[in-house]
Amino acid sequence: MATTSACCYRPLSAPPLHRRRGPPPQQQQLRTAVGGPRPRPSLQVAAAAATGGGQSVKAATDAEFFQTSDTRPIMLFDGVCNLCNGGVRFVQEHDPNRSIRYIPLQSESGRKLLQRSGRAPDDISSVVLVEKDRSYIKSEAVLRIMGYLNLPFPQLATFLNFVPLFLRDFAYDNVADNRYAVFGRSESESCEIL
């Protein structure tokens, strides 16, 4: 009769997982045979290697869109969506300092900024807020935009940040997936508003 532990996932002969330290014996032998342990690359290095020309795209768009004279964030929106165009008008009305610029996703500038944000240039599935150092999508972008508006929207954004991201994005995706059916499409793309 073979002995098994109460847990059906591992046999008794295997050491408990919490006691195992370091790499498995095969990797340990390989490391010593090759010349000692190798440091693991940092996540930033791995991400830069994965994106390839990501830094050149960022540098080019920084030079074009984020000069020292104007570092305001840019809101990328679906230019043919009536809901999105209404959202841009709402943000403009409640942004007295004009702290946000607006560019349609379908424009050439919008495509460049989408690539800079790590998204496909033809992806119009989400609003994107592009800041000099970071980009935000979906509900994070909406809450970040709300932070730039006048009262009471920054406080509302702070309150909504307590809602878990997966729930906020679930609600956002449901609205975004049905935006054309409910709110319709305009025949012409709206123009860039800087």
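Which residues does Arg-185 touch, not counting residues up to four places away in sequence? Val-80, Asn-82 and Tyr-180. Keep in mind that this is a predicted model.

Let me stay with Arg-185 for a moment. It lies in the segment after helix H9, residues 179-183. Now take Leu-83. Arg-185 and Leu-83 are 102 residues apart in sequence. In space, C-alpha to C-alpha, they are 8.5 Å apart.

Leu-83 brings me to the largest pocket. Its volume is about 680 Å³. Thirty residues line it, and Leu-83 is one of those nearest the centre. The others named there are Gly-87, Val-127, Val-142 and Tyr-172.

Where does the lining come from? Strand S1 (74-77) supplies at least two residues. So do four helices: H4 (82-93), H6 (138-148), H7 (153-160) and H8 (165-177). Helix H4 gives the most, with seven residues. And the chemistry? The lining divides into 22 nonpolar residues, five polar and three charged.

Next, two of those helices, H6 and H8. In general, two packed helices are described by the angle between their axes and the distance between the axes. Here the axes of H6 and H8 come within 7 Å and cross at roughly 95°. An angle of 65 to 115 degrees counts as roughly perpendicular, so H6 and H8 are roughly perpendicular to each other.

Who meets whom? From H6, we have Lys-138, Ser-139, Glu-140, Val-142 and Leu-143. From H8, we have Leu-165, Arg-168, Asp-169, Tyr-172 and Asp-173. This contact divides into four nonpolar residues, one polar and five charged. Note Val-142 and Tyr-172. Both sit in the H6 and H8 contact, and both are named among the residues nearest the pocket centre.

On to the sheet. Strands of a sheet pair through backbone hydrogen bonds, either parallel or antiparallel. This sheet is open, with four strands in the order S2-S1-S3-S4, and the pairing is mixed. Strand S2 (101-104) and strand S4 (135-137) stand at the edges. Each has a single partner strand, so one side of each is left without a neighbour in the sheet. On average, neighbouring strands are turned by 20° against each other, direction ignored.

Look inside the sheet at S1 and S3. S3 covers residues 128-130, and three bridges join S1 to it. The two run antiparallel. Leu-76 stands opposite Val-128 in S3.

How does H6 sit on this sheet? H6 lies across S1, S3 and S4. H6 runs at about 115° to S4.

Last, two backbone points. Most residues other than glycine have a negative phi, and most peptide bonds are trans. Two places here depart from that. One is the peptide bond from Leu-151 to Pro-152, which is cis, with omega near 5°. Pro-152 is found in the loop between H6 and H7. The other is Arg-98, with a positive phi of about 50° although it is not a glycine. Arg-98 lies in the loop between H4 and S2.

Conventions
Residues are numbered from 1 along each chain as its sequence is written. This is a predicted model: local features need pLDDT of at least 70, side-chain atom pairs count only at pLDDT 80 or more; totals for chains, interfaces and linings use all residues. Side-chain values use heavy atoms; hydrogens and water are left out. On a 1 Å grid over the protein atoms alone, a cavity is a set of points where a 1.4 Å probe fits but cannot get out, and a pocket is an open set with protein on both sides within 12 Å along at least five of seven lines; lining residues have an atom within 4 Å of a point. Grid points are joined across faces, edges and corners, and a volume is the space filled by probe spheres set on the points. Ala, Val, Leu, Ile, Met, Phe, Trp, Tyr, Cys and Pro count as nonpolar, Asp, Glu, Lys and Arg as charged, and the others, Gly among them, as polar. Axes are lines fitted to C-alpha atoms, for helices over the stretch in contact, and angles run from 0 to 180 degrees between N-to-C directions. Angles under 35 degrees count as roughly parallel, over 145 as roughly antiparallel, 65 to 115 as roughly perpendicular and the rest as oblique. Contact means heavy atoms within 4.5 Å. Two strands pair if DSSP finds at least two bridges between them.
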